[in-house]
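Student: Got a minute to walk through this fold with me? I'd like to start with the strands and then jump around a bit.

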Amino acid sequence: FRIMAGKVKWVTDIEKSVLINNFEKRGWIQVAENEDWNFYWMSVQTIRNVFSVETGYRLSDDQIVNHFPNHYELTRKDLMVKNIKRYRKELEKEGSPLAEKDENGKYIYLDFVPVTFMLPADYNLFVEEFRKNPSSTWIMKPCGKAQGKGIFLINKLSQIKKWSRDSKTSSFVSQSSKEAYVISLYINNPLLIGGKKFDLRLYVLVSTYRPLRCYMYKLGFCRFCTVKYTPSTSELDNMFVHLTNVAIQKHGDDYNHIHGGKWTVSNLRLYLESTRGKEVTNKLFDEIHWIIVQSLKAVAPVMNNDKHCFECYGYDIIIDDKLKPWLIEVNASPSLTSSTANDRILKYNLINDTLNIAVPNGEIPDCKWNKSPPKEVLGNYEVLYDEEMAQSDGSDRDLRGRSGQSTGVKGSRARDSGKPVLTTWK
């Protein structure tokens, strides 16, 4: 695809194939061109090379790229958890009311990531936690992989030891980062629809981290498993029951190639409003927005806020049967391939709207502009959080947002009118 006068236009499949074949060999895909400038959609590996101290490049003011140099602080599973834990502790030290805990020592407002440990480094801490509840199920994921690769569930310590032996290490000694895993308490009470587990894939665009400005894409979707969920330990190895990744589910016998096992977020909202009520549903989506903003705030201090960069993240959220949302992971390169007709339309619009915010009106890029595009170019995006606006609106916005009160800024929901209004939190 290429951009013409600010609009993305699909080329023929043959042209598209030639483009991708030629450019992927170099690690990037050219998505926009005119006589004056080029715009490249780069892979995460190429971004590393671009910003490498040894082999890196100096980008000119009219060059913009689609990842922050150290995006992995949020998108690597282990680093995301580490940064969120650090963020909580910093807020505690500051005496922030956001870091308040209940009588059991759990965070009231910041408990949105399942209990997680790094292996092998935190093995002893994990064992201590496991023995508190020996009947619990845990999910193991390699830190740097995607599409469900290398993921498995365990409910016995012996399974960890077997994994360690299979990993060709006789004891839990320091391994390379490529072999590192995270192990998280498995959400074994997911909200089910039609008896099946699902998660949410939501797209969030960050144009700058300091000050933080991010946008929520309204056209996210749910990904369903093809096999009905059961917490039975006999099904722990059945990934068609437990993992929602399309890369896994498409190989199942019951996979539907027409709808791809997907629902739009708007359909999910309608379903929840009709079964659980409007107020509860609004609260759920407010909490999802809260999670996203807090996760971005957690990494903002360590993110290399290069003026040439923007990023479209793929957030994976699971909702449990008490309608509590959990942040599972954040993807640096959410899939832009389409598995269904609706998928193609959604991702076409996603790319188009993302580019129109990154390069408003298809003009020559200028990395020095204030990164606040006019409302008419937002398309299906809406402002989720604007740090400058939040700071000017007063310091009590955080807790008002958490308590569900309308803040009068576009994004959350005003309870009196029932109209969507965006919440910004300080």
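Tutor: Sure. Keep in mind that this is a predicted model. A good place to start is β10 and β11, which pair in the antiparallel sense over 5 bridges.

Student: How many residues does the hairpin from β10 to β11 go through?

Tutor: The hairpin passes through 2 residues. P211 sits in that loop, between β10 (196-209) and β11 (212-217), and the peptide bond from R210 to P211 is cis, with omega near 0 degrees.

Student: Which residue of β11 is the bridge partner of L205?

Tutor: That would be Y215.

Student: What does β11 pair with besides β10?

Tutor: Strand β16 (residues 381-386), running antiparallel to β11 and joined to it by 5 bridges. Within that pairing, M216 stands opposite E382.

Student: Is β11 mostly covered or mostly open?

Tutor: Mostly covered, with 6 of its 6 residues buried. L212, C214 and M216 point one way, R213, Y215 and Y217 point the other way, and all of them are buried. That fits the usual pattern: in a regular strand, side chains alternate between the two faces of the sheet.

Student: OK, and β12? Which way do its side chains point?

Tutor: In strand β12 (residues 221-224), F221 and R223 point one way and C222 and F224 the other, and all are buried. β12 pairs with β10 in the antiparallel sense over 4 bridges, with F224 as the bridge partner of F198. β12 also pairs with strand β13 (residues 262-264), again antiparallel, over 3 bridges. There, R223 has K262 as its bridge partner.

Student: What does the side chain of R223 make a polar contact with?

Tutor: With the side chain of D199, at 2.7 Å. D199 lies in strand β10 and is buried, with a relative accessible area of 5%.

Student: Switching to packing. Which residues touch the most other members of the largest nonpolar core?

Tutor: That core has 60 residues, and L74, Y209, L296, Y313, Y315 and L327 touch the most other members. Helix α10 (residues 278-299) gives the most to this core, with 10 residues.

Student: What does L296 touch?

Tutor: Leaving out residues up to four places away in sequence, L296 touches L74, V204, V206, Y209, L212, C214, Y313 and Y315. There's another core lying apart from the big one, with 15 residues, including F221, F310, L350 and I357.

Student: L350 and I357, which residues of α11 are buried along with those?

Tutor: The buried ones in α11 are D343, L346, K347, L350, I351, N352, D353, T354, L355, N356, I357 and A358.

Student: What span should α11 have, and what does the model give?

Tutor: Helix α11 covers residues 341-358, so 18 residues, and at 1.5 Å a residue it should span 26 Å. Its end C-alpha atoms are 26 Å apart, which agrees.

Student: Now the sheet with β5 in it. What's the strand order?

Tutor: It's an open sheet of 4 strands in the order β5-β8-β6-β7, with antiparallel pairing. β5 and β7 (152-154) stand at the edges with a single partner strand each, so one side of each has no neighbour in the sheet. Neighbouring strands are turned by 30 degrees against each other on average, direction ignored.

Student: How many bridges hold β6 and β7?

Tutor: Strand β6 (residues 138-142) and β7 pair over 3 bridges, and I139 has L153 as its bridge partner in β7.

Student: Which helices lie across β5?

Tutor: Helix α4 (residues 77-93) lies across β5, β6 and β8 (181-185), at about 130 degrees to β5. α5 lies across β5, β6, β7 and β8, at about 140 degrees to β5.

Student: Last topic, backbone oddities. Where's P120, and what kind of peptide bond joins it to L119?

Tutor: P120 is in the loop between β5 (116-119) and α5 (123-132). The bond from L119 to P120 is cis, with omega about 10 degrees. For context, most peptide bonds are trans, and most residues other than glycine have a negative phi.

Student: And what's the phi of L323?

Tutor: Positive, about 60 degrees, although L323 is not a glycine. L323 is in the loop between β14 (311-319) and β15 (325-331) and is buried, with a relative accessible area of 7%.

Conventions
Residues are numbered from 1 along each chain as its sequence is written. This is a predicted model: local features need pLDDT of at least 70, side-chain atom pairs count only at pLDDT 80 or more; totals for chains, interfaces and linings use all residues. Side-chain values use heavy atoms; hydrogens and water are left out. Buried means under 20% relative accessible area, exposed over 50%, partly exposed in between (1.4 Å probe, protein chains only). The expected span of a helix is 1.5 Å times one less than its number of residues. A nonpolar core is a set of buried Ala, Val, Leu, Ile, Met, Phe, Trp, Tyr and Cys residues joined through side-chain atoms within 4.5 Å. Contact means heavy atoms within 4.5 Å. Two strands pair if DSSP finds at least two bridges between them. A polar contact is a pair of N or O atoms within 3.5 Å; within protein, one must be able to donate a hydrogen and the other to accept it, and residues adjacent in sequence count only if both atoms are side-chain atoms. Axes are lines fitted to C-alpha atoms, for helices over the stretch in contact, and angles run from 0 to 180 degrees between N-to-C directions.
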